[in-house]
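Reader: I have a structure open and do not know how to read it. Where should I begin?

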Amino acid sequence: QHNLVANYTFRNFVEGKSNQLALAAANQVAENPGDAYNPLFLYGGVGLGKTHLMHAVGNALKESNPEARIVYLHSERFVADMVKALQLNAITDFKRYYRSVDALLIDDIQFFAKKDRSQEEFFHTFNALLEGGQQMILTCDRYPKEIDGLEERLKSRFGWGLTVAVEPPDLETRVAILMKKASQSQLELPPDAAFFIAQRIRSNVRELEGALKRVIASANFTRRAIDVDLVKESLKDLLALQDKQVSLDNIQRTVAEYYKIKVADLMSRRRSRSVARPRQVAMALAKELTNHSLPEIGDSFGGRDHTTVLHACRKIKELRETSSDIHEDYKNLLRSLTT
Ligand code: ADP
Ligand code: MG
């Protein structure tokens, strides 16, 4: 009972600039489990292929050795199982089980945050597996050091192997993914239709798949071949909803106007308070009102690092509780951006 999803394979994974490193690392691990990189730590936003890649390694390991005990589970499941084991006085069995596997794949470890007992158990399991040369693959929605409520010793151990980011796919990769998914469903997807979808759906691969499914459903339903017109019709609601979303541009213009500074100041390296504070406010608004990832938001503010954005969000959150000026500003800006 390994819980691996059969079609999350390397063969079904489309390579692009955004996932190249993660894919290469996963391939290495599949070839030299317990040896190449242990643990392999993949992080990045939702729907970017972390779970898929993790299963791809598991499936590959299973293929080269059908006897191998590969265990995949979500971190919430690890927590739940542990709690149950404690209640049933079966914690020794729990420990034995997880230490006996050949590879342990734990998804979305951000859910370990603030679960002290689980972290404790996982820490020991981690050490035992590492010692035994058993492979671990972990995923997380953010860089390990940025998980609040996670013990330092775990954060540091997560970095002992290899830590790689999975980024949102660029346009070409989005097109390639759509073409691949279409051909898997034995569907004729004309390149201009694929392009249209890829241009409009930019957030992540899961959304892309969702959009394609809609298109396919309406092609089947209307018995029409897929073309740009059909795509436009079938995605009309989805795109209308998306257009209502606030753009980064709009946020930057509105914030600059509000604070009577230039948009260019927001992108600049200037650090004086009169510019730095509005910049942080704009970043926090971008995080709250758009689906853009932290790296994308950082990029749009003159190529800043995602950690800068994260810091800005925290700072503004804190200031909104302690400074009534910032609280007012933020509320006013929110209102004018969303009404
Ligand atoms: P995450 O775990 O990062 O949230 P998933 O691995 O669940 O993302 O991916 C979401 C969906 O997108 C899955 O159906 C997965 O198969 C698909 N997907 C993601 N990246 C790719 C890719 N590069 N090629 C093909 N399919 C992909
Ligand atoms: Mg996932």
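Author: We will go from the whole chain to the sheet, then to the ligand and to two single residues. Keep in mind that this is a predicted model.

Reader: How many helices and strands does the chain have?

Author: The secondary structure comes to 17 helices and 5 strands. Along the principal axes, the C-alpha atoms fill a box of roughly 65 × 60 × 35 Å.

Reader: What share of the residues is buried?

Author: Of the 339 residues in the chain, 47% are buried. The chain exposes about 17,500 Å², and carbon and sulfur atoms supply 49% of that area. You can also look at contacts. Among those with a separation of 6 or more, 73% are between residues 24 or more positions apart.

Reader: How do I read a sheet?

Author: Strands of a sheet pair through backbone hydrogen bonds, either parallel or antiparallel. Here the sheet is open, has 5 strands and pairs them in parallel, in the order β2-β3-β4-β1-β5.

Reader: Which strands stand at the edges, and why does one side of each lack a neighbour?

Author: They are β2 (70-74) and β5 (162-165). Each has a single partner strand, so one side of each is left without a neighbour in the sheet. Across the sheet, neighbouring strands are turned by 15° against each other on average, with direction ignored.

Reader: Is the edge strand β2 enclosed or open to the outside?

Author: β2 is largely enclosed by the rest of the structure, because 4 of its 5 residues are buried. Its pairing is with β3 (residues 103-107), through 5 bridges, and the two run parallel. To find one of these bridges, start at I70, whose partner in β3 is A103.

Reader: Which strands are joined to β1?

Author: On one hand, 4 bridges join β1 to β4, and these strands run parallel. On the other, 4 bridges join β1 to β5, again in parallel. Two residues serve as markers. L42 has T139 as its bridge partner in β4, while L40 stands opposite L162 in β5.

Reader: What about the two faces of β1: covered or bare?

Author: Both faces are covered. L40 and L42 are buried on one side, and F41 and Y43 are buried on the other. As for helices, α1 (residues 20-31) lies across β1 (40-43), β4 (135-140) and β5. The angle of α1 to β5 is about 145°.

Reader: How do I read the surroundings of a ligand?

Author: List the residues around it, then look for polar atoms. Ligand 1 is surrounded by 18 residues, and the closest are G47, K50, T51, H52 and R206. Helices α2 (50-64), α7 (171-184) and α9 (205-222) each supply at least two residues of this shell.

Reader: Which side chains place a polar atom 2.9 Å from ligand 1?

Author: K181 has a side-chain N or O atom 2.9 Å from a nitrogen atom of ligand 1. E209 has a polar side-chain atom 2.9 Å from an oxygen atom of the ligand. For T51, the distance from a side-chain N or O atom to a ligand oxygen is 2.7 Å. On its own, ligand 1 has 560 Å² of accessible area, and the protein covers 94% of this.

Reader: Now a single residue. Is T125 buried or exposed?

Author: The cut-off for buried is under 20% relative accessible area. T125 has a relative accessibility of 1%, so it counts as buried. The residue lies in helix α5 (residues 116-131). Its side chain reaches the backbone oxygen of E121 at 2.9 Å. Leaving out residues up to four places away in sequence, T125 touches F78, Y98, R99 and L104.

Reader: Where is G133, and how exposed is it?

Author: G133 is in the loop between α5 and β4. With a relative accessible area of 36%, G133 is partly exposed. You can also use G133 to compare sequence with space. G133 and R335 are 202 residues apart in sequence, and their C-alpha atoms are 55 Å apart.

Definitions and conventions. Residues numbered from 1 in each chain as written. Chains lettered and ligands numbered in written order. Predicted model: local features only at pLDDT ≥ 70, side-chain atom pairs only at ≥ 80, totals over all residues. Heavy atoms only, no water. Pairing = 2+ DSSP bridges. Axes fitted to C-alpha atoms, helices over the stretch in contact; angles between N-to-C directions. Contact = heavy atoms within 4.5 Å. Buried < 20%, exposed > 50% of the residue type's maximum accessible area, 1.4 Å probe, protein only. Near = heavy atom within 4 Å. Polar contact = N/O pair within 3.5 Å; in protein donor to acceptor, adjacent residues only side chain to side chain. Areas by Shrake-Rupley, 256 points an atom, 1.4 Å probe, with all protein chains shown as cover.
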